[in-house]
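Hi everyone, thanks for making room for me on the agenda. I'd like to walk you through one structure, going from a few single residues out to the whole chain and back again. Please have the viewer open while I talk.

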Amino acid sequence: MAIQTKSEITHDYRIYKNPYFRLVPHFSADGSSIPVDCFMYPSKEYYKEGNYHLECIPIYVDSGSFDKTNKAKTISDKFLFEVTKLVLDGLQNRYPDAEFEIVDIS
């Protein structure tokens, strides 16, 4: 699961062009809120080279707000897409001037 930024982000007093976010969802005990580790990298290439992330942003996704009619084909893809979409919304709130796009849901 990944989100690519299509603009600059200011993070810890530094400007990053097009940072890349890898998402790792976890199962919660009650299933109502899904904790997601959102690892921020300066770029996709930085991630692919196996470099360490800049930060791990914890985001909690409310599973009650899932859109049950999304176009994904399998149940797991529907789940992953909804989690990714809601994490994108959380990032948009954190960085309101940035543009994001979902680039991977697997």
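Let me begin with one term: when I say polar contact, I mean a pair of N or O atoms within 3.5 Å, and within protein one of them must be able to donate a hydrogen and the other to accept it. Please also keep in mind that this is a predicted model.

With that term in hand, please find H11. Its side chain and that of E55 make a polar contact of 2.7 Å. The side chain of H11 has a polar contact with the side chain of D12 too, at 3.4 Å. H11 itself sits in strand β2, which covers residues 8-11. Is H11 buried or exposed? The cut-off for buried is under 20% relative accessible area, and H11 counts as buried because its value is 5%. Setting aside neighbours within four places in sequence, H11 is in contact with Y16, M40, E55, R94 and Y95.

Now step along to D12. D12 belongs to the loop between β2 and β3. With a relative accessible area of 58%, D12 is exposed, whereas H11 is buried. What about its backbone? Phi of D12 is near 50°, so a positive value, in a residue other than glycine. As background, most residues other than glycine have a negative phi.

There is another residue to look at in that respect, and that is N18. Phi of N18 is near 55°, again positive in a residue other than glycine. N18 lies in the loop between β3 and β4, and N18 is partly exposed, at 36% relative accessible area.

N18 brings us to Q4, over in strand β1, residues 2-5. Which backbone oxygen does the side chain of Q4 reach at 2.8 Å? The one of N18. A polar atom of the Q4 side chain also lies 3.1 Å from the backbone oxygen of P19. Q4 counts as buried, since its relative accessibility is 14%. Not counting residues up to four places away in sequence, Q4 touches N18, P19, Y20, K44, E99, F100, E101 and V103.

Let's zoom out for a moment. The protein has two helices and seven strands. Read from the N terminus, the order is β-β-β-β-β-α-β-α-β. For the size, a compact globule of 106 residues would have a radius of gyration near 13 Å, and this protein has 14 Å, which agrees. Along the principal axes, the C-alpha atoms fill a box of roughly 35 × 25 × 25 Å.

For those of you who like surface numbers, the protein exposes about 6500 Å², and carbon and sulfur atoms supply 52% of that. Of the 106 residues, 39% are buried. On charges, there are 12 positive and 16 negative ones, and their mean positions are 6 Å apart. And for contact order fans: of the contacts between residues at least 6 apart in sequence, 49% join residues at least 24 apart.

To make sequence distance and spatial distance a bit more concrete, I picked some pairs. Take S32, in the loop between β4 and β5. How far is S32 from V61 in space, C-alpha to C-alpha? The distance is 8.4 Å, with their positions 29 residues apart in sequence. S32 is in contact with V61, D62, S63 and G64, leaving aside neighbours within four places. S32 is partly exposed, with a relative accessible area of 36%.

Next, I75, in helix α2, residues 75-94. I75 and P96 are 21 residues apart in sequence and 31 Å apart in space, C-alpha to C-alpha. I75 is exposed, at 70% relative accessible area.

My last pair starts from P35, in strand β5. P35 and E82 are 47 residues apart in sequence, and their C-alpha atoms are 13 Å apart. As for what P35 touches, the residues are V24, P25, H26, S28, I59 and Y60, not counting those up to four places away in sequence.

If you take one picture home, let it be H11, buried, with its side chain in polar contact with those of D12 and E55. Thanks for listening, and I'm happy to rotate the view for anyone who wants another look.

Notes: Residues are numbered from 1 along each chain as its sequence is written. This is a predicted model: local features need pLDDT of at least 70, side-chain atom pairs count only at pLDDT 80 or more; totals for chains, interfaces and linings use all residues. Side-chain values use heavy atoms; hydrogens and water are left out. Helices (H or I, at least four residues) and strands (E, at least two) are DSSP runs, numbered from the N terminus. Buried means under 20% relative accessible area, exposed over 50%, partly exposed in between (1.4 Å probe, protein chains only). Contact means heavy atoms within 4.5 Å. The radius of gyration is taken over C-alpha atoms; the globule rule is 2.2 Å times the number of residues to the power 0.38. Accessible areas come from the Shrake-Rupley method with a 1.4 Å probe; for residues, only the protein chains shown count as cover. Lys and Arg count as positive and Asp and Glu as negative; His and the chain ends are not counted. The place of a charge is taken as NZ of Lys, CZ of Arg, CG of Asp or CD of Glu.
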